[in-house]
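Let us read a structure together, one feature at a time. Keep the sequence and the model in view.

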Amino acid sequence: MKLEKLETRYIPRTEPLFSGVGWAALGAFALVTLVILPLLYLLPAPDSPLHISAYTITLAGKILCYCIVAMAMNLIWGYTGILSLGHGVFFALGGYAFGMYLMRQIGREGQYQSDLPDFMVFLDWKAFPWFWTGSEHFLWSALLVILIPGVLALVFGFFAFRSRIKGVYFSIITQAMTFAFMLLFFRNDTGFGGNNGFTDFKRVLGFPITAPSTRAVIFAITALALIGVVFLTRFLIRSKVGRILTAIRDSESRLMFSGYNPLGYKLFVWTLSAVLCGIAGALYVPQVGIINPSEMSPANSIEIAVWVAVGGRGTLIGPLLGAGVVNGAKSYFTQTFPEYWLFFLGLLFILVTLFMPRGVIGLVSAIRRERK
Amino acid sequence: MSAVTEETSVSGSTSGLSHVFKSGVDLTHGPILYLDDITVSFDGFKALNKLTLTVEAGELRCVIGPNGAGKTTMMDVITGKTRPDEGSAFFGQTIDLTRLTEPEIAHAGIGRKFQKPTVFENHSVFENLELAMKTDKRVWASVRARLGAEQLDRIRETLELIKLHGEADLLAGLLSHGQKQWLEIGMLLMQEPRLLLLDEPVAGMTDEETERTAELFKSLAGERSVVVVEHDMEFIDSIASVVTVLHEGAVLAEGTMDAVKNDERVIEVYLGR
């Protein structure tokens with residue numbers, strides 16, 4: 001909040017939602033992701049130099065999903081100072097919730113030509129378990145994408161925050177949570193396809209899932225969702241709630257003795273963050289074509305934290321940059337030198353922690369200040 | 001002392017004690033703070049040992065005592081940070097402090113300044129005061145909160161009172177130590193508390209700042225009650241009406257500064273045998 005000093009009164013000058021540069025960047029991003037990339041994928045002939053392959057558009061869509069996850073992580077870690085090492089579980093649960101719908105859309109085109117998904121036939125199940133009820137309806141599944149991560153986060157968060165579990169202890173129990181969920185989902189009896197998870201999707205809302213037009217539309221929806229998350233984050237951070245969240249990060253006890261109960265604020269931002277991850281997961285699954293319990297592995301959740309740290313936590317675009325750069329590097333490294341990727345990731349994390357505590361964004365602003 | 005009751009609106013109480021708030025702080029019998037037989041032990045060490053202390057409404061009270069006498073633990077008990085093992089703590093006649101959380105106690109009307117100045121360093125001075133201001137502090141109210149003209153005036157008045165109107169837009173982390181102390185006091189005032197607990201409020205201040213702080217506290221007493229923990233004897237001399245000396249978790253002596261200074265036991269504790 002900026003202040004204008006008048007004769008007798010300080011009037012807070014409300015900051016604009018975005019600066020001129022910010023609006024321009026957002027506009028450019030929207031133009032590229034909503035128009036240019038989908039058109040370049042759909043229109044030019046496959047041998048044209050302008051053509052974008054299905055692989056590239058899927059990779060770009062995947063990275064946009066990761067960007068949403070990074071923004072969600074930034075809300076809870078960057079602004080509120082609570083490091084979650086279990087965000088992968090919310091992402092995966094959103095993916096599974098939507099994956100159930102995609103499995104139902106296969107119909108009888110599976111290997112065994114049954115109404116049941118192949119893995120259920122394989123287990124000799126005769127009917128859908130109760131929790132698959134209604135999963136053939138798109139809207140119900142869309143609701144589950146929000147409800148399942150949301151309710152899990154609300155319940156988990158309530159007990160953790162009420163018991164005032166903080167710092168590294170909180171990080172550890174979130175890590176344990178995602179590990180427990182991974183083990184649960186690896187079991188065939190859980191009813192989500194065991195270690196193979198869900199795959200071989202055919203359709204979404206009746207449209208063939210691998211058709212270029214379907215891919216292009218899902219990609220554009222993902223980009224829209226990301227833009228929505230950017231707006232939401234900016235709106236929240238600019239409001240009084242944003243100032244309270246950063247106050248929790250910087251001095252929680254001062255805030256409590258000022259009469260705020262941090263529990264409500266933490267639960268709010270934690271649950272919001274989980275729901276955003278769930279939505280990202282639901283957008284990820286139809287593009288990548290598979291969801292399995294490895295998405296819940298502890299390393300995945302740690303990687304999310306690395307993206308945010310690399311980009312710059314507590315900044316609006318840092319996490320986007322981080323998710324983009326790290327995942328771009330990942331797809332390059334895993335193709336070129338697959339065995340060195342994890343070493344590179346570890347090295348990156350150490351270097352960033354040691355020399356760039358505020359990430360790429362912090363580095364850029366430091367260089368700018370030097371020049372002045 | 002005339003009967004004083006005040007309507008204090010308290011929101012978000014989850015303790016099932018909301019009925020005690022309806023009448024606000026009940027001062028019908030005079031005292032604003034009763035501590036009775038409070039005992040707090042940490043691993044067998046008794047930080048407070050049957051501490052009994054009463055502060056009258058409108059009083060300015062100083063608490064002194066050597067290191068480890070239990071001054072900060074006493075503040076922790078009053079503000080809900082530490083639960084006593086035994087004894088009772090009441091704010092006015094009806095509000096049981098041992099059963100409320102920190103935010104509930106802050107809402108009920110007790111403001112606390114920490115020993116080390118604690119402000120929100122990444123927020124501007126203005127925003128620090130805005131956050132502290134008495135208002136509905138629940139989540140949805142904060143999502144929709146906008147500052148009205150009246151609230152802006154209150155912030156401006158406080159900025160002038162704590163002499164930080166020139167620094168309103170500055171990050172609080174960039175203030176000097178003394179300025180941070182003043183900002184924290186300003187934040188307490190924004191909460192409109194009935195009782196202020198001030199832990200070493202003049203540490204790190206220049207002589208001139210200390211003098212001005214003494215003036216400020218004297219002007220606050222009467223309308224509000226103030227409890228000051230301080231080591232600076234000169235400062236206490238300049239403000240105090242009644243001084244309480246703590247030693248090993250209990251009250252050693254209580255009275256005017258002169259009486260306390262000449263008390264045999266106090267001299268023994270402070271100067272050694």
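Q: Which residues of the largest nonpolar core touch the most other members?

A: Start with the general idea. In soluble globular proteins, nonpolar side chains tend to be buried together. Now the case here, in a predicted model. The largest nonpolar core has 163 residues. C67(A), I68(A), V69(A), A70(A), M71(A) and A280(A) touch the most other members.

Q: Which helix gives the largest share of this core?

A: Helix α2 of chain A, residues 54-79, with 17 residues. Take M71(A) as an example. Leaving aside neighbours within four places in sequence, M71(A) is in contact with V229(A), V230(A), T233(A), L276(A), P319(A) and L320(A).

Q: How many residues of chain B are in contact with chain A?

A: The general idea comes first. The size of an interface is often given as the accessible area lost when the parts come together. Here we count residues instead. On chain B there are 34, in contact with 26 residues of chain A. Four elements of chain B give two or more residues to this side: α3 (102-108), α4 (125-132), α5 (139-144) and α6 (149-161). This side of chain B has 15 nonpolar, 10 polar and 9 charged residues. For the complex, the predictor gives an ipTM of 0.85 and a pTM of 0.89.

Q: Why does P103(B) count as buried?

A: Count its neighbours. A residue needs 20 or more other C-beta atoms within 10 Å. P103(B) counts as buried because it has 24 C-beta neighbours inside 10 Å. P103(B) is found in helix α3 of chain B. Not counting residues up to four places away in sequence, P103(B) touches M256(A), G259(A), Y260(A) and N261(A). Sequence and space also tell separate stories. P103(B) and G80(B) are 23 residues apart in sequence, and their C-alpha atoms are 8.6 Å apart.

Q: Which residues of β3(B) point one way, and which the other way?

A: In a regular strand the side chains alternate between the two faces of the sheet. In β3(B), L60(B), C62(B) and I64(B) point one way. R61(B) and V63(B) point the other way. The strand spans residues 60-64, and 5 of its 5 residues are buried.

Q: Which strands do bridges join to β3(B)?

A: There are two to find. Strand β8 of chain B (residues 225-229) runs parallel to β3(B), with 4 bridges. In that pair, L60(B) has V226(B) as its bridge partner. Strand β9 of chain B (residues 242-247) is also parallel to β3(B), again with 4 bridges. There, R61(B) stands opposite V242(B).

Q: What is the strand order in the open sheet of 4 strands?

A: The order is β2-β1-β4-β5 in chain B, with antiparallel pairing. The edge strands are β2 (45-56) and β5 (95-96), and each pairs on one side only. Strands β1(B) and β2(B) pair over 8 bridges. L35(B) stands opposite L53(B) in β2(B).

Q: How many residues of α12(A) are buried?

A: Just 1 of its 15 residues, so the helix is hardly covered by the definition of burial. α12(A) spans residues 341-355. Its first and last C-alpha atoms are 21 Å apart, close to the 21 Å expected at 1.5 Å a residue.

Q: Where in chain B does pLDDT stay under 50?

A: Over residues 1-23. Where pLDDT is low, the predicted coordinates should not be read in detail. The mean pLDDT of chain B is 85, and 89% of its residues reach 70 or more. Among the elements of chain B, helix α1 (residues 18-21) has the lowest mean, 43, and α4(B) the highest, 94.

Key: Residues numbered from 1 in each chain as written. Chains lettered and ligands numbered in written order. Predicted model: local features only at pLDDT ≥ 70, side-chain atom pairs only at ≥ 80, totals over all residues. Core = buried A, V, L, I, M, F, W, Y, C linked by C-beta atoms within 7 Å. Buried ≥ 20, exposed ≤ 12 C-beta atoms within 10 Å, placed from the backbone. Contact = placed C-beta atoms within 7 Å. Nonpolar A, V, L, I, M, F, W, Y, C, P; charged D, E, K, R; others polar. pLDDT = per-residue confidence, 0-100. Pairing = 2+ DSSP bridges. Expected span 1.5 Å × (residues − 1).
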